Structures are given as structure tokens and as C-alpha cells.
Amino acid sequence: YAERLEKLGFYIFEPAFQYQDFKVTTLSGETKSRSSLKGKVILLNFWATWCPPCKQEIPTIEKLHNTMKGQNFEVFAVSVGETPDTVKKFIAQQKMTYPVYLDPQNLLSRTYASQGIPTTYLIDKNGMFIAALIGAYDYANPELVAILSELAKK
């Protein structure tokens, strides 16, 4: 998968690595850990409602989310530095159905998105960070969908 992802513009982590677990807040105020998704391929996306490139890629993440339903895959979108109310209103306006979590104090973005947002990581079913991308991307790209489907089946 590495060579194919690289051709799509992703930075490949050689070797892939595990990183410390973290917890985020759900929109309903509960907490969820990244490690709770072990066994699934994760698209970990850091974004904000005020970010034009983030807004640009949201419809493609939504399409990917819908395309990958029923597979061992999950979108884990983390809104950075914003209040729950701001994020909830934005989600309703954009008709987003994929899981969105909160990092209101920017605790995670300092580590995971220090070069800007949107920043996205691909994490395999074993919790290994395999690739990353900074900037907007078309996540509905058929080649990316094919790669993620293959990884989800492994």
C-alpha cells in the first residue's frame, strides 16, 4: 500500500509506528479513546469550522464515510480549538454524519497538527500510523477508497 499511497500524495511513515493513545470528548460530552477503534482502519482528521481547506474536504470525507460503511474502517475527525456549540451548528449545516470529536484546548493539535490543518493520518488495524497528509484532499478518490478497503480486509 505504501507506494500507492505515496503516489496519491501521502507521506509514508517508514517504519510505521505506534503513538500514545489519547482521549477526546464526544459532542454529547462523553470521552472516547483512539485505541477503542483497534481492529479498524482509521482516518484521523484534525480540522476546524473556520478553515477553508477543511471545509473543502468535508464533503469528500462524508462520501468516503458512506462508501466504507460496513467495513473495518472509521473516520475519527477532531475539531481543534472550538466550542461544542460551534461544532454542532457547523455539523448540522454541513449535514455531516461521520463521527466528530472535540479538542477545545488544542491539546492534541499541538502534537498531531502542529504544521497546520487539515492534517490527516491513516492508522492501520493494529493502531500503527502508516501515512499522513497536510492540507485538503479528495478522500473520495477511487484509488484511495480501494487502498482503504484492502487495508480494512487484511
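Biologist: How many helices and how many strands does the protein have, and in what pattern do they follow one another along the sequence?
Modeller: This is a predicted model, and in it the protein has five helices and eight strands. Read along the sequence, these helices and strands follow the pattern α-β-β-β-β-α-β-α-β-α-β-β-α.

Biologist: What is the radius of gyration, and what value does the globule rule give for 154 residues?
Modeller: The C-alpha trace spans about 40 × 30 × 30 Å along its principal axes. The protein is as compact as a globular protein of its length, because its radius of gyration of 14 Å is close to what the globule rule gives for 154 residues, namely 15 Å.

Biologist: Among contacts between residues at least 6 apart in sequence, what share joins residues at least 24 apart?
Modeller: As background on the packing, buried residues make up 51% of the 154 residues, and the accessible surface comes to about 7600 Å², with 51% of that area belonging to carbon and sulfur atoms. For contacts between residues at least 6 apart in sequence, the share joining residues at least 24 apart is 72%.

Biologist: How many positive and negative side chains are there, and how far apart do the centres of the two sets lie?
Modeller: Side chains of opposite charge can pair when their charged atoms come close. In this protein there are 17 positive and 15 negative side chains, and the distance between the centres of the two sets is 5 Å.

Biologist: How many salt bridges does the structure hold, and which residues are linked in a network of them?
Modeller: The structure holds three salt bridges. The side chain of Arg4 meets that of Glu143 at 2.9 Å, N to O, and the side chains of Arg4 and Glu150 meet at 2.8 Å, N to O. The residues linked in a network of salt bridges are therefore Arg4, Glu143 and Glu150.

Biologist: Which helices hold Glu143 and Arg4, and how many residues separate the two?
Modeller: The salt bridge between Glu143 and Arg4 links distant parts of the chain, with Glu143 in helix 5, residues 142-153, and Arg4 in helix 1, residues 2-7. Along the sequence, the separation of this pair is 139 residues.

Biologist: Is Glu150 buried, exposed or partly exposed?
Modeller: Glu150 forms a salt bridge with Arg4, a pair that joins helix 5 to helix 1 across 146 residues. Within this network, Glu143 has a relative accessible area of 32% and is partly exposed, while Arg4, at 28%, also counts as partly exposed. Because a relative accessibility of 40% falls between the 20% and 50% cut-offs, Glu150 counts as partly exposed.

Biologist: Which parts of the structure hold Lys40 and Glu74, and how many residues apart in sequence are those parts?
Modeller: Lys40 and Glu74 form a salt bridge whose closest N and O atoms are 3.1 Å apart. Lys40 lies in the loop between strand 3 (31-33) and strand 4 (41-47), whereas Glu74 lies in strand 5 (residues 73-80), so the pair ties together parts whose separation in sequence is 34 residues.

Biologist: Does Glu74 count as buried or exposed?
Modeller: Lys40, the partner of Glu74 in the salt bridge, counts as partly exposed at 27% relative accessibility. The relative accessibility of Glu74 is 13%, and because this value is under the 20% cut-off, Glu74 counts as buried.

Biologist: Where is Pro118, the residue to which Ile117 is joined by a cis peptide bond?
Modeller: One cis peptide bond joins Glu14 and Pro15, with omega about -5°, and Pro15 is found in strand 1, residues 11-18. The peptide bond from Ile117 to Pro118 is also cis, with omega near 0°. The place of Pro118 is in the loop between helix 4 (109-112) and strand 7 (119-123).

Biologist: What phi does Lys95 have, and what is its relative accessible area?
Modeller: Lys95 lies in the loop between helix 3 (84-94) and strand 6 (100-103). Its phi is near 55°, a positive value in a residue other than glycine. Lys95 is exposed, because its relative accessible area is over the 50% cut-off, at 65%.

Biologist: Where does Asn106 lie, and what is its phi?
Modeller: Asn106 lies in the loop between strand 6 and helix 4, and at 29% relative accessibility it counts as partly exposed. Although Asn106 is not a glycine, its phi is positive, at about 60°.

Key. Residues numbered from 1 in each chain as written. Predicted model: local features only at pLDDT ≥ 70, side-chain atom pairs only at ≥ 80, totals over all residues. Heavy atoms only, no water. Salt bridge = Lys/Arg side-chain N within 4 Å of Asp/Glu carboxyl O. Helix = DSSP H or I, 4+ residues; strand = E, 2+ residues; numbered from the N terminus. Buried < 20%, exposed > 50% of the residue type's maximum accessible area, 1.4 Å probe, protein only. Rg over C-alpha atoms; globule rule 2.2 N^0.38 Å. Contact = heavy atoms within 4.5 Å. Areas by Shrake-Rupley, 256 points an atom, 1.4 Å probe, with all protein chains shown as cover. Lys, Arg positive; Asp, Glu negative; His and termini not counted. Charge placed at Lys NZ, Arg CZ, Asp CG, Glu CD.
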